[in-house]
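This report introduces one protein model to a reader who has not seen it before. It covers charged pairs and nonpolar cores.

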Amino acid sequence: MTRKEAERRLSAFTGHRHLASGSEPALVQLACHAALPVALNPDLVHLLRVNYFLDPPAVLPYTAEASLLLSPLCTEVDQDLYVIDPDLRDLLLQRLVKEFGNGRLRDVARLLWEYGQRCAAWLSRPGLAEAQQITALNFIDSRRAQDWLTRAEEGTAGGAAADKRWFVAMRRDLEARAAAVHQVQADEGSLPSPLPALTELRDVLVSRLPSPADVVRVAQTAGLNPVAEILPLTTRWQRVLDAAYAANRMPVLFESLGEDPSVIQAMREYWIRLSPALRVEDGRFETPPPEWEVLEKHREQIERTLSAVCLLAPRKFDRRFARGVMGFLIGPRTVLMHESNNAADLDPTRRDPRPIRGVDVWLSFVNRVAHPQSVFGQPAMDDVEADAARLLRATVVRVEKVGDPGLEAITLEVEAGDESAMPTPLVVAAEPPSDLVGRKVYVMGYPSLSDTRGDPTIAQRIMRGASDVLRIQPGEIIGVDTAGAAQGTVVRHNCFTLGGNAGSPLVDLATGDVLGLHFGATYEYGPRGLKVGMATALWPLAGSLTQAANIFGTRATAVGYHQLGILAQDRGDYGEADRQYARSLAIFEELGDRAGMARGYHQLGRIAQDRGDYGEADRQYARSLAIFEELGDRPGMARGYGQLGRIAQDRGDYAEADRQYARSLAIFEELGDRAGMARGYQQLGRLAQDRGDYAEAERQYARALAIFEELGDRPGRARGYHQLGILAQRRGDYAEAERQYARSLAIKEELGDRAGMARGYHQLGRLAQDRGDYAEAERQYARSLAIFEELGDRPGTATGYGQLGRIAQDRGDYAEADRQYARSLAIFEELGDRPGRARGYQQLGRLAQDRGDYAEAERQYTRALTIFKKLGDRAGTASSWSRLGNLDAARDRPVEAVKWHIMALFAREDMGLPFERNAVALSTLRDVVGRQQFRTYAAAILDQDQIANLEELLEGFPGRT
């Protein structure tokens with residue numbers, strides 16, 4: 001493809017009819033982002049959309065992903081593998097840089113790099129995984145990319161000719177893409193406004209280093225690609241600075257700028273801009289400057305970290321502690337601080353430096369204290385009652401030195417009634433990140449202008465004259481000293497700090513993990529910053545810190561994290577649940593607590609199951625069950641078998657579900673565990689209900705209810721009445737369904753079970769919808785949704801939007817139905833809930849079919865079918881076949897319709913599911929095409945005996961006329 005052909009194709013794409021809705025700019029922008037990878041698959045395009053096009057001003061629906069992959073811009077070269085022609089990639093990359101700048105280009109490259117590290121999609125195609133990674137690296141750090149290629153090529157010396165051709169092709173591709181980007185950078189007006197810190201530095205360099213040779217020398221020293229010589233000097237310097245900033249190579253560039261006093265002062269001004277000290281008030285930090293906009297992305301994490309950083313001061317007033325001493329929680333009641341803030345000194349009546357017990361202290365957390373002297377700095381504090389909003393009463397019960405570098409873990413006994421105010425401890429990194437140097441970090445504290453070390457004018461400018469107030473101070477890691485340091489392994493960083501920052505955690509901005517404890521700084525200006533901050537690295541001490549943090553019981557801490565995981569999981573926040581279970585498991589594994597580990601693996605299985613990742617769920621349940629069986633933990637085994645039964649039921653493998661439920665129930669009955677038996681009967685009831693055996697379902701529900709009533713288990717009774725309501729609704733007995741839902745809701749409302757109430761209102765909405773009372777259905781769904789949203793229950797919210805879509809569809813308001821289905825599907829995609837996505841695609845298929853857009857309906861049904869097959873969900877697969885059969889019947893395609901309905905009927909019969917609708921559909925098709933033609937169609941997938949059996953079965957199901 002030539003350049004002109006690429007321009008024509010892109011022009012045709014932007015003017016295509018499917019862009020007429022006004023989504024053209026955003027869809028073309030998605031294509032620009034997708035031009036960076038060598039190849040695309042649907043998952044990667046989805047990742048690009050959800051990272052860059054979920055929020056205004058550029059919002060794209062999930063359908064945009066398919067629109068791009070199926071457009072003329074992309075060529076399918078294998079199943080679910082697409083490429084964009086190189087000339088088209090160049091045009092799109094240039095457009096990306098013009099509209100979003102170098103920062104976005106680098107950000108997309110980082111996303112591709114991270115995706116390649118965790119995605120196995122490319123591994124089956126030799127060379128593709130490496131090509132994706134090296135392409136991403138070329139836009140992140142071109143020198144590292146070239147070094148990687150050189151080393152890899154040397155490692156294949158004497159290898160196959162195909163290997164050599166791959167290296168030649170890769171070098172050409174990297175050079176061509178880089179040249180395209182450099183070409184558009186030649187147009188100075190094509191980029192967004194550069195950062196103020198860079199423009200000021202550029203102007204000084206233009207005046208003090210005016211020779212083009214200086215630009216070339218500095219770029220080469222910093223390992224940057226050359227800049228076109230035809231550009232004006234100002235533009236060339238700006239491009240070099242932009243590239244160095246984007247590649248995180250400013251310190252290297254500074255080392256090559258020489259000793260000109262004006263240039264040195266300009267570098268100093270750059271670092272002043274890059275070293276903010278952001279004020280924190282009411283727990284929120286102020287808007288960061290443009291150079292640190294990335295902080296906004298992590299605002300929630302930063303402000304959560306603030307809640308675990310604390311101040312200690314003696315109960316007995318002492319002016320030495322008018323500002324408190326800083327540390328941070330590493331355990332439920334354990335504070336880590338530096339020994340320069342020795343806990344023994346918190347007792348002003350002692351001069352013995354040895355750690356002591358029994359010191360009474362005030363404890364507060366920095367997000368509650370903007371000015372510490374207003375809290376700790378008044379003699380009246382001797383007698384006042386603790387202000388619950390800011391102060392807790394505590395006693396030092398233990399001070400333990402941790403390792404050799406002068407850290408102390410202070411264990412506190414918090415007075416009764418105050419324990420609930422203790423926040424979640426911070427997580428200490430167990431190992432350093434692989435890209436430690438250059439990593440963005442932050443510290444916090446109350447930097448004081450009374451610190452006279454260093455240049456006071458710089459401090460005045462950064463602090464804007466306000467001293468001793470809470471601040472966040474971001475920066476980067478610039479090095480690590482591992483040998484001979486009195487403080488152990490020391491992490492060097494360039495966050496601007498003063499007295500008042502000692503004791504702060506050094507926090508990894510990307511992960512929120514604590515990498516070190518800040519204890520001081522050197523005040524000499526250098527090319528890497530205004531000063532060098534020093535923090536004791538904590539990852540070498542992770543084991544000792546874990547032990548010290550759990551004086552009151554490590555296991556209790558792990559159990560706490562486990563419970564937080566369950567709460568997050570219940571509200572559908574699977575990412576937070578994963579994080580809490582990981583924290584819990586790390587402690588259980590370190591303790592060798594096999595029972596705790598088994599419970600953790602069990603919960604990870606439940607998360608995977610909720611997401612529809614049945615393979616991962618199976619794996620985690622197997623790990624859990626192996627331990628339960630090893631320990632002889634019969635209740636644990638019963639719970640595990642019950643979950644395996646649920647997976648089998650979700651997949652439509654009802655025989656296996658029956659077998660696992662029976663194993664679970666047998667143990668509960670053997671143990672005499674009445675509550676477990678009741679849950680087992682409920683599971684068997686749901687299984688019978690899914691199979692359409694309503695009499696058996698009712699029998700099992702009655703057995704469960706009898707036990708719940710015997711035990712006085714009111715939540716269990718509420719669940720039982722709810723299930724009986726669903727059963728009655730499926731039978732069409734709406735009055736009985738309403739009665740059972742009312743009994744269930746009365747208990748839930750009395751107990752204050754908000755989640756249960758939401759599910760009850762939701763079912764009342766479905767009942768009203770089945771009756772055709774759409775106004776009442778909407779009212780109940782609104783009640784349900786209000787609670788789901790209040791609780792942060794994302795799956796419940798998504799289900800509610802889906803039902804609102806069905807109401808709109810039933811009313812013929814297809815635009816509103818489309819909007820609600822899109823809201824529902826967006827949540828399921830965000831959660832990674834594959835069964836939810838499949839149901840969403842089915843809803844969109846029904847909507848398209850009602851609109852008469854049969855091609856779109858087929859596409860959506862096929863998407864759902866693909867997911868159900870991958871999940872091994874036989875019931876979902878049969879449902880999709882039925883829908884495709886109905887669709888082809890409507891399209892007057894009887895051959896395909898017969899095939900789909902036969903497949904669905906036999907699958908449902910095999911699973912013990914009701915198949916009447918498929919039988920009626922097949923009878924109708926037989927009446928339409930004639931018996932002989934019907935046999936011909938059926939012969940495509942059945943033998944003669946099967947056809948005879950089918951015809952005999954259909955005699956009992958007359959077709960619709």
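A salt bridge, as the term is used here, is a side-chain nitrogen of Lys or Arg within 4 Å of a carboxyl oxygen of Asp or Glu. By this rule the count comes to 41 salt bridges. The model is a predicted one.

**A buried pair**

Start with Arg177 and Asp90. They form a salt bridge, and their closest N and O atoms are 2.5 Å apart. This pair links distant parts of the chain, since 87 residues separate the partners. Arg177 sits in helix α8, residues 161–185. Asp90 belongs to helix α5, residues 86–118.

Are the two partners buried or exposed? Buried means under 20% relative accessible area. Arg177 has a relative accessible area of 4%, so Arg177 is buried. Asp90 is at 10%, so Asp90 counts as buried too.

**Two pairs within helices**

Two further salt bridges each stay inside one helix. Glu656 and Arg659 both lie in helix α24, residues 654–671. They are three residues apart, about one turn of the helix. Glu736 and Arg739 both lie in helix α28, residues 734–751. Here too the spacing is three residues, about one turn of the helix.

How exposed are these four residues? Partly exposed covers the range between the buried limit of 20% and the exposed limit of 50%. Glu656 has a relative accessible area of 24%, so Glu656 is partly exposed. Arg659 is partly exposed as well, at 44%. In the other pair, Glu736 is partly exposed at 24%. Arg739 is partly exposed at 43%.

Some salt bridges share partners. Through them, Arg89, Asp90, Asp173 and Arg177 are joined into one network. The buried pair described above, Arg177 and Asp90, is part of this network.

The table lists the three salt bridges described individually.

| Salt bridge | Closest N to O distance |
|---|---|
| Arg177 and Asp90 | 2.5 Å |
| Glu656 and Arg659 | 3.1 Å |
| Glu736 and Arg739 | 3.1 Å |

**Nonpolar cores**

Now turn to the nonpolar side chains. The largest nonpolar core has 82 residues. Which of its members touch the most other members? They are Leu253, Phe254, Leu257, Tyr270, Phe328 and Leu412. Helix α13, residues 261–273, gives the most to this core, with six residues. Another core lies apart from it and has 78 residues. Its members include Leu625, Ala638, Tyr801 and Tyr861.

Notes:
Residues are numbered from 1 along each chain as its sequence is written. This is a predicted model: local features need pLDDT of at least 70, side-chain atom pairs count only at pLDDT 80 or more; totals for chains, interfaces and linings use all residues. Side-chain values use heavy atoms; hydrogens and water are left out. A nonpolar core is a set of buried Ala, Val, Leu, Ile, Met, Phe, Trp, Tyr and Cys residues joined through side-chain atoms within 4.5 Å. Buried means under 20% relative accessible area, exposed over 50%, partly exposed in between (1.4 Å probe, protein chains only). Helices (H or I, at least four residues) and strands (E, at least two) are DSSP runs, numbered from the N terminus.
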